[in-house]
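Visitor: I should like a close look at a single part of this structure, namely one of its sheets and whatever packs against that sheet. Please set the part in its wider context once its strands have been described.

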Amino acid sequence: MNSAAHRALQRRIKRHVAGPAHTFFVVAAPGLEPLCRRELGVLLGDGRSLTPVHGGVVFQGRLEDLYRANLQLRTASRVLMRLAEFKAAGFGALTKRLAEIPWELYLPAGELPAVHVTARHSRLYHSQAVGERVRAAVARRLGVSTDDPFPADRSTTPQQLFVRLQDDRLTLSLDSSGENLYKRGIKTHGGRAPLRETLAAAILLMAGYSGAEPLLDPMCGSGSFCLEAALMAAGAAPGRRRHFAFMRWPVFAPARWRHLLREADATAAVPQGRRIFALDKSFRSVARLAHTLEAAGLTAWVGVAQGDFFDLDPRSLTADPGLVVINPPYGRRLGTPAASADIFQRILDRLQTVYRGWRCALIAPDGKLAEDLPFALRRFPLSHGGLRLMLLIGPIPPGDQAPRPRAP
């Protein structure tokens, strides 16, 4: 591209992409939409129109708002920018409308994106055929071949287009995040059934974790709870250490992004001693977690030790009661349902005996196990790894309060 053509393209990008407001869709796991909407309200201001829908939150804003959402949201899975919405009852109409979209304003030069299609209650029900039309339209506009849809640098995540057909209406969105936002750029290891960081953050927020009180993660595994708690306590942006797909868009403004990073760093807290404690029986798990914390600069916030929850007295770590968060082994993860039920009951007994005055956030492997509890806890259905679980949140009665009688 010669210099005159490049300048003309930049003017079009500024006029049509950088300048106007856009519609964005923040994807959130089912059930987390209210939390995500609350986060957006704090981040962008409650005066903004934020519409929770199934699977996420819709809002209007400028590109800077999209940058902030990717950088700061803890419970979102990804952030999409809506490019077009139109009726598409046949392939002729679809092809015509796709050809009208100025793809070169949104996508990196010479790069064909990955296309993901879902179709429901539409005459264009064949998702593969729809995807082929989208790829062909982008390829013609960008002057590339459909034979090689990925970037020359194979280590780079390709750009992604999400196409949704519902009742013959097509919604076309460009992914700004790249890898799912639960990948914070911090944890490089996993456990046998790691809890996604977005879900761990959601549980902490639902439990009312402030970042200032003691927090104990006594079955920490890969450490999702304590890592998210450390980011909250430190006032650190969850996306600070990773890259995003929008960084390769033609409209991306590196100077503006660096300003947002400096703005986020300015709100960082100063550690006042360790108030987060991680424990696990596995030496390998705690060693990996300790290494991760050191690499992320979070060791001042989290203490890690090898040990058994059933032998631990929390008073050996902190004199102040706080929040204990537990994701115990269950079902396919580490044992039989019967073994999981036994461990769950032992956890409840230990909490009632040793953690009086604390609050707990406990994942139950089966909703039936939450029907007969020794003390009152709020219940929230969860989905994790294809399993339907129950999250239990609430205070553990102090010692002078009699426990609730069990059902006979």
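Guide: What follows describes one sheet in detail and then turns to the rest of the model.

The model is predicted. The sheet chosen here is open and consists of seven strands, arranged in the order S10-S9-S8-S11-S12-S14-S13 with mixed pairing. Its edges are taken by strand S10, residues 302–306, and strand S13, residues 378–384; each has a single partner strand, so one side of each is left without a neighbour in the sheet. On average, and with direction ignored, neighbouring strands in this sheet are turned by 20° against each other.

The mixed character of the pairing can be followed strand by strand. Strand S11, residues 323–326, runs parallel to strand S12, residues 359–364, and four bridges join the two. Within this pair, Ile326 has Leu362 of S12 as its bridge partner.

Two helices pack on the sheet. Helix H6, spanning residues 197–206, touches strand S8 (215–217), S11, S12, S13 and strand S14 (387–395), and the direction of H6 makes about 175° with that of S13. Helix H7, spanning residues 224–234, touches S8, strand S9 (276–280), S10 and S11, with a direction at about 170° to that of S9. Strands S8 and S11 thus appear among the contacts of H6 and also among those of H7.

On its other side in the strand order, S12 meets S14. S12 and S14 are antiparallel and share six bridges, with Ile363 opposite Leu391 of S14. S14 is also joined to the edge strand S13, again in the antiparallel sense, by seven bridges. In that pairing Arg378 faces Ile393 of S14. S13 and S14 form a hairpin with two residues between the strands, where Gly385 adopts a positive phi near 60°.

A second sheet provides the wider context. This sheet, too, is open and has seven strands with mixed pairing, in the order S2-S3-S1-S4-S7-S6-S5. Strand S2 (50–53) and strand S5 (114–120) are its edge strands; each has a single partner strand, so one side of each lacks a neighbour in the sheet. Here the average turn between neighbouring strands is 25°, direction ignored. Strand S4, residues 78–87, and strand S7, residues 169–175, run antiparallel and are joined by seven bridges, and Phe86 stands opposite Leu170 of S7. Helix H5, residues 127–142, lies across S5 and strand S6 (160–166), running at about 140° to S5.

Aromatic contacts also deserve mention. The model contains 11 aromatic pairs. In one of them, Phe24 and Phe59 have ring centres 5.3 Å apart and planes at 50°, so this pair is tilted. The pair links distant parts of the chain, since Phe24 belongs to strand S1 (residues 22–27) and Phe59 to strand S3 (residues 56–61), with 35 residues separating them.

Finally, there is the internal space. The structure holds one cavity of 30 Å³ or more, and the largest cavity encloses about 40 Å³. Its lining consists of Asn70, Leu73, Leu181, Lys183, Arg184, Pro238, Gly239, Arg242 and Phe244. By class, four of the lining residues are nonpolar, two are polar and three are charged.

Technical notes:
Residues are numbered from 1 along each chain as its sequence is written. This is a predicted model: local features need pLDDT of at least 70, side-chain atom pairs count only at pLDDT 80 or more; totals for chains, interfaces and linings use all residues. Side-chain values use heavy atoms; hydrogens and water are left out. On a 1 Å grid over the protein atoms alone, a cavity is a set of points where a 1.4 Å probe fits but cannot get out, and a pocket is an open set with protein on both sides within 12 Å along at least five of seven lines; lining residues have an atom within 4 Å of a point. Grid points are joined across faces, edges and corners, and a volume is the space filled by probe spheres set on the points. Ala, Val, Leu, Ile, Met, Phe, Trp, Tyr, Cys and Pro count as nonpolar, Asp, Glu, Lys and Arg as charged, and the others, Gly among them, as polar. Two strands pair if DSSP finds at least two bridges between them. Axes are lines fitted to C-alpha atoms, for helices over the stretch in contact, and angles run from 0 to 180 degrees between N-to-C directions. Contact means heavy atoms within 4.5 Å. Rings of Phe, Tyr and Trp (its six-membered ring) pair if their centres lie within 6.5 Å; planes under 30 degrees apart count as stacked, over 60 as edge-to-face and the rest as tilted.
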